[in-house]
Amino acid sequence: DELVGECVGHVLDEARAAPSARERLEVYLRGIWMIQYNEPAANDVLIRAEHGSAVSTVLCDRARDAIRSLLSDAQADGSVAGEVTADDVYQLILERGHALRAGHRPAVADYERHIDFTLRALRP
């Protein structure tokens with residue numbers, strides 16, 4: 001849990017350094033999705049497969065707060081569709097995690113292409 005927390009912290013730091021609100025959200029999501037792809041065990045933490053861990057609960061709450069904030073900023077400047085909710089975005093993280101846990105592991109180039117499709121779909 002703590003290692004995943006460190007990885008998520010690095011992703012959040014990288015996202016905060018991006019120049020625009022949309023890029024901050026996209027850097028964050030891309031980073032989380034790549035953690036899910038590159039570190040399969042991280043999915044148990046990120047999708048809360050193992051309930052009860054205090055570290056996991058804090059990490060998931062931190063991720064939800066980051067999504068809310070990044071999404072709100074991107075919607076405020078009009079770079080992300082207004083109808084997208086933080087729960088929608090969190091669901092995208094859960095769905096990727098479940099697919100990867102179930103053994104659906106595409107080639108990295110295909111996975112990155114799918115990420116690009118998803119990120120473009122969030123735009124107005």
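User: In this predicted model, what share of the contacts in the chain with a separation of 6 or more comes from residues 24 or more positions apart?

Analyst: Such residues account for 67% of those contacts in the chain, where a contact is a pair with heavy atoms within 4.5 Å.

User: What makes up the secondary structure of the chain?

Analyst: The chain holds six helices and zero strands. Along the sequence, the pattern therefore reads α-α-α-α-α-α, since helices and strands are DSSP runs numbered from the N terminus.

User: Why is the chain called as compact as a globular protein of that length?

Analyst: The globule rule gives 14 Å for 124 residues, and the radius of gyration of the chain is 14 Å, close to that value, so the chain is as compact as a globular protein of that length. The C-alpha trace spans about 35 × 30 × 25 Å along its principal axes.

User: How many of the 124 residues count as buried, and by what cut-off?

Analyst: Buried means under 20% relative accessible area, and 42% of the 124 residues count as buried. The accessible surface of the chain comes to about 6600 Å², with 51% of it belonging to carbon and sulfur atoms.

User: Which elements have the lowest and the highest mean pLDDT?

Analyst: Helix α3 (residues 42–46) has the lowest, 75, and helix α6 (residues 108–121) the highest, 97. The chain averages a pLDDT of 88, and 91% of the residues score at least 70. Where pLDDT is low, predicted coordinates should not be read in detail.

Methods
Residues are numbered from 1 along each chain as its sequence is written. This is a predicted model: local features need pLDDT of at least 70, side-chain atom pairs count only at pLDDT 80 or more; totals for chains, interfaces and linings use all residues. Side-chain values use heavy atoms; hydrogens and water are left out. Helices (H or I, at least four residues) and strands (E, at least two) are DSSP runs, numbered from the N terminus. The radius of gyration is taken over C-alpha atoms; the globule rule is 2.2 Å times the number of residues to the power 0.38. Buried means under 20% relative accessible area, exposed over 50%, partly exposed in between (1.4 Å probe, protein chains only). Accessible areas come from the Shrake-Rupley method with a 1.4 Å probe; for residues, only the protein chains shown count as cover. pLDDT is the predictor's confidence in each residue, from 0 to 100.
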